[in-house]
Amino acid sequence: MSHTLRIHYHRDFDGMVSAAVLAKILTETHDEKVVWSSVNYDQRRDWKAFGGNERFAIVDFHFHPGAEYWFDHHPTTFLTPELRKAYEPTDRWAWDETSPSCPPLILRHAADHWGYEPSERFIDMAKWSDVVDAARFRDVEQAIFGDEPALRITRSMTAAPSREYPDELVAAMFKMTLEEVANLPVVEKAHERASRNRDKALEQFPRTVISITDQVLLYDASSSKVRRERFAPFYHHPELKYAVGVIPTRSGFHVTAGENPFKPPAQGLHLGELMEKHGGGGHRAVAGANPDSLEGARTLAAECAELLRVAVQPKS
Ligand SMILES: [Mn+2]
């Protein structure tokens, strides 16, 4: 029997950085032998059985009592009240929903509990994780066209050449700087493809718009022929407060709702809590859910848009 520890991580920039950082730290401070693989929301269906018979860790994803190490910053991390009760901070578990991304809390925890001193490159990765995950970009131009290494890596994820691509990026982040990772031929190639897709997406977006009312935009990009750029609504319509849309996933459809990060609404709703009621999750400012059908996704998106329109109305 192997005593290897598997690190399960959320398949996005801060999730990959979290996996690389924890892998490195555990290798150095706990003498662990680690491997890693990404998780997605579909794997919550049989959450009890998650992890199988392996030793495992989870970063930037839902709390699981079987995780030997667990770190997350999502407010919707607990799938049931029982799981919420099963959590308490330990020297191997930490949750901080005020953290803009997950890596800084892992670094902080490792410093406080395990005497770990982070390297310059990990501090840099944690800084960019906050920018990317909390959409703390200078402006919409940086979000869409910025060519800093972290942003090129993030963009390259939208044109991943294989299912294993995130695991390869974690392996690269385990030993390289962001700049070195971004300059890898596999990343450059994916980034070029992603940039072409982005340009196409910006051009196609106006056709997917269903309505713009009270600074809330509703769109339907469920067609597999339509390219997607997350910030396209706010690029074309800087005055927006929210955008809600339907997009395709590998196995179905996803409803995504987000505040305009460049012009956050003064009043609104907690999107993570809203999506939680529909089997999804996320943060206050951005969240999503995966209804069972396209029709269900369209209905949910329209309902969300309507709730947001009411919520942003000035109260008299
Ligand atoms: Mn994440």
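Here is a short tour of this predicted model, one selection at a time.

**Stop 1: the two domains.** Start by colouring residues 5–133 as domain 1 and residues 206–312 as domain 2. Their centres, taken over C-alpha atoms, are 27 Å apart. Where they touch, domain 1 contributes five residues and domain 2 contributes seven. On the domain 1 side, the touching residues are two nonpolar, two polar and one charged.

**Stop 2: strand S3.** Now select residues 55–59, which form strand S3. Four of these five residues are buried, so the strand is largely enclosed by the rest of the structure.

**Stop 3: the partners of S3.** Add strand S1, residues 5–10, which runs parallel to S3 and is joined to it by five bridges. Look across from Ala57 in S3 and you will find Ile7. Next, show strand S4, residues 69–72: it is also parallel to S3, with three bridges between them. Here Val59 has Phe71 of S4 as its bridge partner.

**Stop 4: the largest core.** Ile7, Ala57 and Val59 come up again here, since you can select them with Ala19 and Leu22 as the residues with the most contacts inside the largest nonpolar core, a set of 52 residues. Helix H1, residues 13–29, gives the most to this core, with ten residues.

**Stop 5: around Ala19.** Which residues are in contact with Ala19, leaving aside its neighbours within four places in sequence? Show Ile7, Tyr9, Trp36, Val59 and Val170 to see them.

**Stop 6: a second core.** Finish with a separate core of 34 residues; among its members are Ile144, Tyr219, Leu240 and Ala243.

Methods:
Residues are numbered from 1 along each chain as its sequence is written. This is a predicted model: local features need pLDDT of at least 70, side-chain atom pairs count only at pLDDT 80 or more; totals for chains, interfaces and linings use all residues. A residue is buried if 20 or more other C-beta atoms lie within 10 Å of its own, exposed if 12 or fewer, and partly exposed in between; C-beta atoms are placed from the backbone. Helices (H or I, at least four residues) and strands (E, at least two) are DSSP runs, numbered from the N terminus. Two strands pair if DSSP finds at least two bridges between them. Domain bounds come from an automatic or database domain assignment. Two residues are in contact if their C-beta atoms, placed from the backbone, lie within 7 Å. Ala, Val, Leu, Ile, Met, Phe, Trp, Tyr, Cys and Pro count as nonpolar, Asp, Glu, Lys and Arg as charged, and the others, Gly among them, as polar. A nonpolar core is a set of buried Ala, Val, Leu, Ile, Met, Phe, Trp, Tyr and Cys residues joined through C-beta atoms within 7 Å.
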